[in-house]
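The following report examines a single protein model, moving from one residue in its interior to the strands, the core and the aromatic contacts. It is meant to be read with the coordinates open.

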Amino acid sequence: MMTAWASNLRPQVTTSCLVLGAVGVSLGLSAHMLMSQNSTTKPIIIPSPRATHLPQLPKEGTSSLPYPPDALPGARDVETPYGIIKVFEWGPEDGEKVLLLHGISTPCLSLGILGEALVEKGYRVMLFDFFGRGYSDTPTDIPFDIRLYSTQILLALASSNLPWTGDNGFHMIGYSLGGGIAVSFARYYSHMIRSLILVASAGLIRSEHVSRRSRILYSEGLLPESLLRWLIRRRITPQSATTTSEAKMASEVVTATSNSEQSIKKHHKNSDASGGDSFDNAVLSPHRPNSTVSSVMAWQVQHQQGFLTAFMSSIRHAPIYEQREDWLKLGQLLAARRKTSSPGADEGAGAEPLPGLLGGKVLLILGSTDPVIVKEELIHDATSVLGEDGFKAVVMDGGHEIVMTKGKEVAGLAAGFWSRG
């Protein structure tokens, strides 16, 4: 399924083609190059840096990478029909289980500090790289929609030697894109999810925040795919190892409206909205000071050959924009659990508490100055689909990067939410 804003693109075809035609000429893109790209046979699965980059390095060379394959404990490579998935799992085997889902661009190392903080509190955690990110392969013959992401979640869970599925199997924390995926996943597998926490979550981003340029670049069927890939690759490829940030990737997902641009410039001098030092230089692992947001992103763009495919397809098909149907269904599931678990429930009717989503409430953690997930908009829209009793919102000081720069604080909020559940 194509995103909602993409379906409204066709009436603008003539203008869009003229604009992109001018861009193509100005960039000196030759017809020969496009034809040669179109004639290249695309592999069904694009291997990750595990197969394309690591073998070229000396054995001791991997330890100096911004994102080495053993960056987190409990690493394993899981073979699947969709390609190999990089999974990390560690923590007390008898601890409550927590599954963490990362964002659209930075791999699961971005949740490493949060994961370690949860383990210190006695939880067992699992993280994995989405297909096309980090050390996971990239399937190229299927859209990156909720079907693929749900399948990957189930494959990762099944790879553990401990039971993760079943009623109330695990807590789920989704960040950014991972939050949108978590909501859509919960719609179908609510019994498995003990609780749901969404950090700077996608899923209800309003289509008005998508610029015309992004609507054109991430369209399908209007312009040659090779042209779109070439243009997007130029936009996201760093000129140096220090110029790639989550801000550049976030700007592909949303664009600030004219009314908020000055506010963002004023309040985001040191956040991901402007690529400021406090975010881009944020260390993703306390054990690896060279693993910063900018260095990991630059490494991934350069060496993860499937990243562009995954990134483009996720913007087109993943649950990022206006997923009201899934959130409404989640609201109904939460309401049903509040009804059966409330002290005033009709005991004579024999109603038993439903498994999953215990307490009938989700936790939303938002950044006070996040330009990607605007807190006022998300709280308003979440209220309309989940209901006022369906969620608790906590606003932290920071931007879209809060899960990385304040991972320990997020872990504390999560543990508090669970203890009161």
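Ala156 has a relative accessibility of 0% and therefore counts as buried; in this predicted model, the residue is found in helix 5, which covers residues 146–158. When its neighbours within four places in sequence are left aside, Ala156 is in contact with Arg76, Val87, Met126 and Phe128. The C-alpha atoms of Ala156 and Leu99 are separated by 9.8 Å, although the two residues are 57 residues apart along the chain.

Leu99 also belongs to the largest nonpolar core, a set of 116 residues in which Leu99, Leu118, Met172, Ile173 and Leu196 touch the most other members. In soluble globular proteins, nonpolar side chains tend to be buried together. For Leu196, once its neighbours within four places in sequence are set aside, the contacts are Met172, Ala182, Val183, Ala186, Leu330, Leu357, Val362, Leu363 and Phe417. Over the whole protein of 421 residues, 56% count as buried, and the secondary structure comes to 17 helices and 10 strands. Among contacts with a separation of 6 or more, 76% come from residues 24 or more positions apart.

Two of the contacts of Leu196, Val362 and Leu363, lead to strand 9, which spans residues 362–367 and has six of its six residues buried, so that this strand is largely enclosed by the rest of the structure. Both of its faces are covered, with Val362, Leu364 and Leu366 buried on one side and Leu363, Ile365 and Gly367 buried on the other. Strand 9 pairs in the parallel sense with strand 8 (residues 193–199) over three bridges, and in this pairing Leu363 is the bridge partner of Ile197. Strand 9 also pairs in the parallel sense with strand 10 (residues 391–396), here over six bridges, where Ile365 has Val394 as its bridge partner. The connection to strand 10 involves helix 15 (residues 375–386), and strand 9, helix 15 and strand 10 together make a right-handed β-α-β unit.

Burial can be followed in a helix as well. Of the 11 residues of helix 12 (residues 293–303), 10 are buried, so this helix is likewise largely enclosed by the rest of the structure. Its buried residues are Val293, Ser294, Ser295, Val296, Met297, Ala298, Trp299, Gln300, Val301 and His303, a list that includes polar side chains such as Ser294 and Gln300.

A contrasting arrangement is provided by strand 2 and strand 3, which pair in the antiparallel sense over four bridges. Asp77 stands opposite Lys86 in strand 3, and the charged end of Lys86 sits over the ring of Tyr135, 5.9 Å from its centre. The hairpin of these strands has six residues between them, and within the hairpin Gly83 takes a positive phi near 115°.

Where, then, do aromatic rings meet? A search of the whole structure finds 12 aromatic pairs. One of them joins Tyr82 and Phe131 in a tilted arrangement, with 6.2 Å centre to centre and 40° between the planes. Tyr82 lies in the loop between strand 2 (75–78) and strand 3 (85–90), whereas Phe131 lies in the loop between strand 5 (124–128) and strand 6 (138–139), so the pair ties together parts that are 49 residues apart in sequence. The two partners fall into separate accessibility classes: Tyr82, at 26% relative accessibility, counts as partly exposed, while Phe131, at 1%, counts as buried. Phe128, one of the contacts of Ala156, forms one aromatic cluster with Phe130, Phe144 and Tyr149.

Finally, two loop residues deserve a check of their backbone angles, since Asn168 and Glu322 each have a positive phi without being glycine. Their values and positions are set out below.

| Residue | Phi | Location | Relative accessibility |
|---|---|---|---|
| Asn168 | about 55° | loop between helix 5 and strand 7 (170–175) | 24%, partly exposed |
| Glu322 | near 45° | loop between helix 13 (307–317) and helix 14 (324–341) | 36%, partly exposed |

Note on methods: Residues are numbered from 1 along each chain as its sequence is written. This is a predicted model: local features need pLDDT of at least 70, side-chain atom pairs count only at pLDDT 80 or more; totals for chains, interfaces and linings use all residues. Side-chain values use heavy atoms; hydrogens and water are left out. Rings of Phe, Tyr and Trp (its six-membered ring) pair if their centres lie within 6.5 Å; planes under 30 degrees apart count as stacked, over 60 as edge-to-face and the rest as tilted. Buried means under 20% relative accessible area, exposed over 50%, partly exposed in between (1.4 Å probe, protein chains only). A charge sits over a ring if NZ of Lys or CZ of Arg is within 6 Å of the ring centre and within 35 degrees of the ring normal. A nonpolar core is a set of buried Ala, Val, Leu, Ile, Met, Phe, Trp, Tyr and Cys residues joined through side-chain atoms within 4.5 Å. Contact means heavy atoms within 4.5 Å. Two strands pair if DSSP finds at least two bridges between them. A crossover is right-handed if, with the strands pointing away from the viewer, the path from the first strand over the helix to the second runs clockwise.
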